[in-house]
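Reader: I am in my first year and would like a close look at a single part of this model, with the surroundings of that part explained step by step. Please give me the meaning of each term as you go.

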Amino acid sequence: MDAIILQILNGLDKGSAYALIALGLTLIFGTLGVVNFAHGALFMIGAFCAVTLSKILNLSFETIDPNKTDFLGNPLKVKTPYVESWFGPETGAALIDWSVPLAILFSIPIMLLVGVIMERGLIKHFYKREHADQILVTFGLAIVLQEIIKYYFGANPIPTPAPDAFKGSFDFGAAIGFDPNTIIYPYWRLVYFMFSVVIIGGVFAFLQFTTFGMVVRAGMADRETVGLLGIDIDKRFTIMFGLAAAVAGLAGVMYTPINSPNYHMGMDFLVLSFVVVVVGGMGSLPGAVLAGFLLGILESFASMREVIDLIPGINQIIIYLVAIIILLTRPRGLMGRKGVMEE
Amino acid sequence: MLGLNKKDTSLLLIVVVLTLFAPFILNPFPEGSAMAQFNAGYPDLMQRFVIFGIFAIGFNILFGLTGYLSFGHAAFLGIGSYGAVWMFKILGMNVLPAIVLAVIVAGLFAVVIGYVSLRRSGIYFSILTLAFAQMMFALAYSVLTPITGGETGLQLTLNDPRILGASQTAGGNIPVPSLFGMEMRSSTDLEIAGWVFTFNVGYYFSALIMILAFYLSIRIFRSPFGMMLRAIKSNQNRLSYTGLNPRPYTLAAFVISGMYAGLAGGLMASMDPLAGAERMQWTASGEVVLMTILGGTGTLIGPVLGAGFIKYFENIFSKINDNILHQWFAFLPDGLEDFVVFIIHPFIGKGWHLTLGILFMLVVIFLPGGLVEGGQRIRKAIKGKKADDTETAKTEPAE
């Protein structure tokens, strides 16, 4: 029993990332009808927003401390980050410590901007062209974005730690009545899961309970009619693209402490997220979220020792295998709507 | 000639001449001159030109004719490589059985994967092929290590049985791939007044196979079968309404294209007898898509051009560094020179993929027909509109 709970928990954080990316992909597909292969790159850019912020906060100047000497006997050079000298040592240190959560604020405007520029500058011109062309041009864009990041940040993963307060692990087993230390779960992964639930809830609430969201949903159902009613639906769809970019970016920001970001993390997640979208059902938002969590949990169950002993290598291929089975037996996906991307 | 019309014959002849004289054509600059770094006439690179040419020709039979965009084609290339290396290990170092096995194994896998994937079309097909390729990559990388060599790749060892040949040479080394005694890596140098031309057995072997592959692809393009594939691309529904089942045709195209990829993989292993899982990764599949699109989808010559273009510039761009740039722009005032070098710097050396990505986007956005369409447009612009009738070497994209 405790092993099962542990695997479910382990699946949740990966599942959260899949769900967030797949949600953004589906938003873009549902509103604009574009298959966005550059969505993984947005996830990666989000992660690098966090890296950038932590680098900015760590910018320091050197002072010579005459009272201390280093091992060669020279006066010791002390590095002081600017934030510490401006806000005092304690506030400054706290700012640096909390750089990842702070990056959420930092990344939202950046990601919105990146998304809007992408949509207006490039994707706009591809609405009328085939899906294959959309795939190809966004694939090219993904390569370009990835290489730009590689140029500025190098090819190695950059560790970006979570705040000290979340460094430990939470003894989940003890909390729900099992023996202590049977189910332990890092705090940050718990935070990531909560965060993704909040974001997903926020996106759904935004679409369901605001006038803007209502118009967007109407536009998803019938773009032309909404346009004829005198609503500038293109503008709203552009904003939705920005929102989808922001969701991917936030998923990336919060993921940095779990896995040190490198320039190809976006591509790694993209392939899986596409599979998630297809399993969930093209164009279905709840489907994308559901499939994201399901596949994440499934993946973590497949990596259990007992399962691997039974079917070697299953953990590597389970997601693809599920996708192939789903596509062949239920081409619309788990919750796909009728008439979306069917031939 | 050979069952081709005049236009296709001349196209085939051009390709034959280009490939056979490639050691001369690709070495236009004398050895030791400043421009010698732009020479591409050395065996390793020329082999890559023709092998990726074969790969792209095969991919084009599927994508160019039927419009099915496969994102997992590198899987067949990888399978071909593994098949060939296993043949080297078990049977002997002759390349012919290795290549035959590579094609057969890749074909078998293509039948299975194609049968499943082709039940869907459009983006679903792309994702299914991608899923299969990723699955095979993951398995080759981990669980199938006894067969695939895992992370290190599959290599020849001194203990391999090699039934028809010797396990090791007289000197105690691993034997090299050969064709009835002609070693693939042996080459002859020809020096003419400062120029050095290298003729490599492996290159000519691959080049002959590429010419055959190219001829076959012309025949497929011009056959009733090719016509049927084009019909699938332009309107599959209408084809079904006329009472024809498109699936056998698409499956045949998929298998042929997979066998081409297997052939390329087998050749790759014959030139350098090792095979690694990274050949199957989806970035490798993306590369052949890039080649085909860049050259011109659905045209005969396009994929070959695209493969040559990408491999050539990959090689050249990776070699250029800041010092060379400074030499080139030495005529500019110092400040401006530094600025120009600073601007170009991200695109050269390791930045080649950035250049490639930008180039690829530009082609998809502005020139959907690729280099071939670009050439046609330039020719039109030069000759005026009447030149259309005299068009010989190029074919129209299959729309």
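Author: A residue is called buried if 20 or more other C-beta atoms lie within 10 Å of its own, exposed if 12 or fewer do, and partly exposed in between, with the C-beta atoms placed from the backbone. By that count, 46% of the 343 residues in chain A are buried. The model is predicted, and local features need a pLDDT (the predictor's confidence in each residue, from 0 to 100) of at least 70, while side-chain atom pairs count only at pLDDT 80 or more, and totals for chains, interfaces and linings use all residues. Residues are numbered from 1 along each chain as its sequence is written, whereas chains are lettered from A and ligands numbered from 1 in the order in which they are written. The model scores ipTM 0.79 and pTM 0.84, and chain B has an average pLDDT of 83, with 96% of its residues at 70 or above.

Before the close look, the setting is chain A, which has 15 helices and 4 strands; these are DSSP runs numbered from the N terminus, helices being H or I over at least four residues and strands E over at least two. Chain A is as compact as a globular protein of 343 residues, because its radius of gyration is 22 Å, close to the 20 Å from the globule rule (the radius is taken over C-alpha atoms, and the rule is 2.2 Å times the number of residues to the power 0.38).

The part to look at is helix α15 of chain A, residues 314-329, which has a kink of about 30° centred on A:Y320; the bend at a residue is the angle between axes fitted to the seven residues ending there and the seven starting there. Among the buried residues of α15(A) are A:Y320 itself, A:I317, A:I318, A:I319 and A:L327. The cover over the buried residues of this helix includes α12, α13 and α14 of chain A, together with α5 and α6 of chain B.

That cover leads to the place where the two chains meet, a contact that takes 32 residues from chain A and 34 residues from chain B; two residues are in contact if their C-beta atoms, placed from the backbone, lie within 7 Å. On the side of chain A that touches chain B, the elements giving two or more residues are α6, α12 and α15 of chain A, and α6(A) gives the largest share, 14 residues. By class, this side has 25 nonpolar, 4 polar and 3 charged residues, where Ala, Val, Leu, Ile, Met, Phe, Trp, Tyr, Cys and Pro count as nonpolar, Asp, Glu, Lys and Arg as charged, and the others, Gly among them, as polar.

One residue of α12 in chain A is A:G266, which counts as buried because it has 28 C-beta neighbours inside 10 Å. Not counting residues up to four places away in sequence, A:G266 touches A:G40, A:A41, A:F43, A:M44, A:A142 and A:Q146. From the other chain, B:L69, in the loop between α3 and α4 of chain B, is also buried, since 26 other C-beta atoms lie within 10 Å. With the same neighbours in sequence left out, B:L69 touches A:A132 and A:I135 in chain A as well as B:F63 and B:S126 in its own chain.
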